[in-house]
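Reader: I should like to learn how to read the features of a structure such as this one. Could we begin with the display itself?

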Amino acid sequence: MKKNWLYFVLAFAAPLVGIFWWVGGFASARVETNLVRGPYHYAYLEHSGDYVKLPDKQLEALRALQAQGVAHGAAITLMQNDPRTTAKSMLTAQTGYLVEAGVSVREPLKLADVPARPVVVVQLRAHPRLAAGKVYAALLKYLDEHGMKLKLPTLEIYQNSTLTVEMDI
């Protein structure tokens with residue numbers, strides 16, 4: 001009986017735990033306050049509807065940037081609504097990529113700026129599908145502990161396997 005458990009652990013459980021660790025499943029989000037972040041200049045596409053489809057829209061923005069020969073930086077998303085209180089069909093966001101100031105783009109892309117401002121920053125190194133839930137849970141916990149409310153829009157930057165969420169103070 002003991003050998004069966006050992007084989008099970010070695011052949012099945014250990015690899016699953018290893019993969020979960022590799023994608024950031026055991027990582028904890030880090031909250032920092034009173035930081036000044038920005039300014040950011042970005043090219044984006046408008047997104048309406050369920051936030052689950054944001055990666056598709058972001059890929060569309062990437063393809064448009066590449067087709068126009070525009071160099072880009074990290075992926076960026078401005079989340080305009082709180083999915084806990086807004087119907088999925090009414091959710092809106094801007095998603096795209098950081099670009100150099102002074103760059104010009106053609107339709108369907110648009111350009112926008114986020115000025116330098118004081119923010120609460122939450123960071124987590126993990127797979128993007130796993131990171132968002134953990135980061136927002138940490139942000140909401142922090143806000144609750146400090147008697148603050150979620151202030152939208154929040155800015156998400158995903159770079160080098162790290163999701164950073166910034167909320168204006």
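Author: The protein chain holds three helices and eight strands, where helices (H or I, at least four residues) and strands (E, at least two) are DSSP runs numbered from the N terminus. From the N terminus on, their order is α-β-β-α-β-β-β-β-α-β-β. The model is predicted, so that local features need pLDDT of at least 70 and side-chain atom pairs count only at pLDDT 80 or more, while totals for chains, interfaces and linings use all residues. Residues are numbered from 1 along each chain as its sequence is written, and side-chain values use heavy atoms, with hydrogens and water left out.

Reader: What share of the 169 residues in the protein chain is buried?

Author: Buried means under 20% relative accessible area, exposed over 50%, and partly exposed in between (1.4 Å probe, protein chains only). In the protein chain, buried residues make up 38% of the 169 residues.

Reader: How should one read the two sides of helix 3?

Author: An α-helix has 3.6 residues a turn, so residues three or four places apart point the same way. Helix 3 comprises residues 128-145. Its buried residues are A131, V135, Y136, A138, L139, Y142 and L143. Because they cover an arc of only 160° around the axis, they lie on the same side of helix 3; the arc is that of the directions from the helix axis to the C-beta atoms. On the other side of helix 3, R129, K141, D144 and E145 are exposed.

Reader: What covers the buried residues of helix 3?

Author: The cover includes strand 1 (30-37), strand 3 (75-79), strand 6 (117-125), strand 7 (154-159) and strand 8 (162-168). After helix 3 comes G147, whose phi is positive, near 65°.

Reader: How many salt bridges are there?

Author: A salt bridge is a side-chain nitrogen of Lys or Arg within 4 Å of a carboxyl oxygen of Asp or Glu. By this rule the count is seven. One of them joins E166 to R37, with the closest N and O atoms 3.3 Å apart. This pair links distant parts of the chain, as E166 is in strand 8 and R37 in strand 1, 129 residues apart. E166 is buried, with a relative accessible area of 0%, whereas R37 counts as partly exposed at 22%.

Reader: Which residue forms a salt bridge with E166 at 2.9 Å between the closest N and O atoms?

Author: That residue is R117. R117 is in strand 6 and E166 in strand 8, 49 residues apart. At 9% relative accessibility, R117 counts as buried. R37, R117, E166 and D168 are linked in a network of salt bridges.

Reader: Where do D50 and K88 lie?

Author: The side chains of D50 and K88 meet in a salt bridge (3.9 Å, N to O). D50 lies in the loop between strand 2 (40-48) and helix 2, and K88 in the loop between strand 3 and strand 4 (92-98), so the pair ties together parts that are 38 residues apart in sequence. K88 is exposed, with a relative accessible area of 54%, while D50 counts as partly exposed at 23%.

Reader: Which residues form a nonpolar patch on the surface?

Author: Patches are made of residues with over 30% relative accessible area and no salt bridge; like charges are joined within 9 Å, and nonpolar side chains (Val, Leu, Ile, Met, Phe, Trp, Tyr) within 5 Å. Here W5, F8, F12 and L16 form a nonpolar patch, with about 450 Å² of accessible area together, by the Shrake-Rupley method with a 1.4 Å probe, where for residues only the protein chains shown count as cover. L16 lies in helix 1 (residues 2-22).

Notes:
The expected span of a helix is 1.5 Å times one less than its number of residues. Contact means heavy atoms within 4.5 Å.
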